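Okay, thanks everyone for coming. I'll take you through one structure today, so have a look at the screen and we'll get going.

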Amino acid sequence: MSLFKKIFSKEKKENLDKGLEKTKSSFFDKMSKAVAGKAKVDEEVLDDLEDVLVSSDVGVATTVKIINRIEERVARDKYLGTDELNKILREEIAALLSETNTGEDADIHVPENTKPYVIMVVGVNGVGKTTTIGKLAHQFKSKGQKVVLGAADTFRAAAIDQLQIWADRTGVPIIKQKMGSDPASVAFDTVQSAVKMNADVVLIDTAGRLHNKVNLMKELTKVKRVMQKTIPDAPHEVLLVLDGSTGQNAFEQAKQFTAATEVTSLAVTKLDGTAKGGVVIGISDQFKIPVKYIGVGEGIEDLQVFNKYEFVDSFFK
């Protein structure tokens with residue numbers, strides 16, 4: 001169908017296919033058992049399909065929406081064979097994601113009329129936050145943009161060291177202070193330096209603590225406020241990084257962070273090592289915040305822009 005026109009390059013598409021292999025294999029294994037011996041989509045098949053979607057970490061609320069859509073088609077078409085279920089699911093999930101009005105990019109970019117474009121990156125420790133920043137820095141730089149990193153996660157020495165490694169690896173400047181410094185002070189220095197350097201993109205790492213939401217909210221609010229002394233509308237984007245391999249826990253983290261600060265975009269990492277890739281569908285649908293990037297491998301190019309058409313196509317290939 002025309003909805004699934006080719007958008008990605010062959011290599012990028014192959015990486016996406018490979019990255020979603022575990023999710024796809026698990027999903028279709030469950031689905032083939034659900035429809036075994038059945039000729040048409042009936043109530044029993046839909047019940048089984050509901051279980052398959054929920055167990056694939058699509059999430060209960062999004063699963064109910066998908067099942068309702070398929071029930072409407074069954075009622076309208078009177079007879080749907082189980083052999084058509086794959087195609088119908090693919091169409092309905094793509095249609096559901098289309099309602100979020102996101103996931104249509106084919107490549108990484110930032111608005112041309114905003115310079116420097118400041119991205120504040122948030123997320124708990126261990127989700128791949130610093131690695132995501134490093135990969136984004138590499139990809140922006142490879143497009144000829146001048147990038148500056150800000151090490152505002154001063155809570156852990158390892159976070160500063162890790163970001164320094166990525167700065168060295170990608171050849172971009174990093175602004176940092178010693179462990180325990182005020183994160184807002186680092187953010188202030190970073191945006192000031194970025195303006196002086198005539199940078200295009202600023203990526204600010206922040207602390208990954210979530211045990212005290214009130215403190216986190218205060219800290220992130222302060223970081224934003226001091227940046228605005230130099231760039232009044234900074235940050236232009238607040239990117240929340242979630243670990244896709246944690247499934248429903250990623251939903252919980254999204255809830256906590258969206259309550260603590262205004263999140264404007266999402267990155268879902270580590271999809272290549274899990275069968276829980278369905279979480280991307282649920283998160284995209286439930287939070288109405290654009291899933292902007294997905295991590296489908298270890299390589300520096302394996303952080304991809306999330307394109308819903310290519311994602312669903314690879315999921316159901």
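Let me start with the record: which residues does the UniProt annotation "domain: SRP54-type proteins GTP-binding" cover? According to UniProt, in an unreviewed entry, that annotation covers residues 290-303. Keep in mind that what you see is a predicted model. Over residues 290-303 the chain is 0% helix and 43% strand, and the C-alpha atoms at the two ends sit 16 Å apart.

Now the sheet. There are eight strands in an open sheet, and going across, the order is S3-S2-S4-S1-S5-S6-S7-S8. The pairing is mixed. So what's at the edges? Strand S3, residues 174-175, and strand S8, residues 303-305, stand there. Each has a single partner strand, so one side of each is left without a neighbour in the sheet. Take the S3 edge: strand S2, residues 147-152, runs parallel to S3, and two bridges join them. If you want to find the spot on your screen, look for Leu 149, which stands opposite Ile 174 in S3.

Helices pack on this sheet too. Helix H8, residues 183-196, touches strand S1 (117-122), S2, S3 and strand S4 (201-206). The direction of H8 makes about 170 degrees with that of S2. Then there's helix H10, residues 248-260, which lies across S1 and strand S5 (237-243). H10 runs at about 155 degrees to S5.

Next, some backbone oddities, in the loops. Which peptide bonds are cis? One joins Lys 115 and Pro 116, with omega at about -5 degrees. Pro 116 is in the loop between helix H5 (85-98) and S1. Another goes from Ala 234 to Pro 235, where omega is near -10 degrees. You'll find Pro 235 in the loop between helix H9 (213-227) and S5. And while we're in the loops, have a look at Asn 198, between H8 and S4. Asn 198 isn't a glycine, but its phi is positive, about 60 degrees.

Okay, on to helix pairs. Helix H3, residues 43-55, and helix H4, residues 60-77, have axes that come within 9 Å and cross at roughly 150 degrees. That makes H3 roughly antiparallel to H4, and the crossing is right-handed. Which residues make the contact? From H3, it's Leu 46, Leu 49, Glu 50, Leu 53 and Val 54. From H4, it's Val 60, Thr 63, Ile 66, Ile 67, Ile 70 and Glu 71. Sort the residues of that contact by class and you get eight nonpolar, one polar and two charged.

The other pair takes us back to H5, this time with helix H12, residues 308-315. The axes of H5 and H12 come within 10 Å, crossing at roughly 155 degrees. H5 and H12 are therefore roughly antiparallel to each other, and H5 passes H12 in a right-handed crossing. On the H5 side you've got Arg 90, Ile 93, Ala 94, Leu 97 and Ser 98. They meet Lys 308, Tyr 309, Val 312 and Asp 313 in H12. How does that contact of H5 with H12 divide by class? It has five nonpolar, one polar and three charged residues.

That's my tour. Happy to take questions.

Conventions
Residues numbered from 1 in each chain as written. Predicted model: local features only at pLDDT ≥ 70, side-chain atom pairs only at ≥ 80, totals over all residues. Heavy atoms only, no water. Axes fitted to C-alpha atoms, helices over the stretch in contact; angles between N-to-C directions. Helix = DSSP H or I, 4+ residues; strand = E, 2+ residues; numbered from the N terminus. Parallel < 35°, antiparallel > 145°, perpendicular 65-115°, else oblique. Left-handed = near helix turned anticlockwise from the far one by under 90°. Contact = heavy atoms within 4.5 Å. Nonpolar A, V, L, I, M, F, W, Y, C, P; charged D, E, K, R; others polar. UniProt positions renumbered as here; feature names shortened; annotations may be inferred. Pairing = 2+ DSSP bridges.
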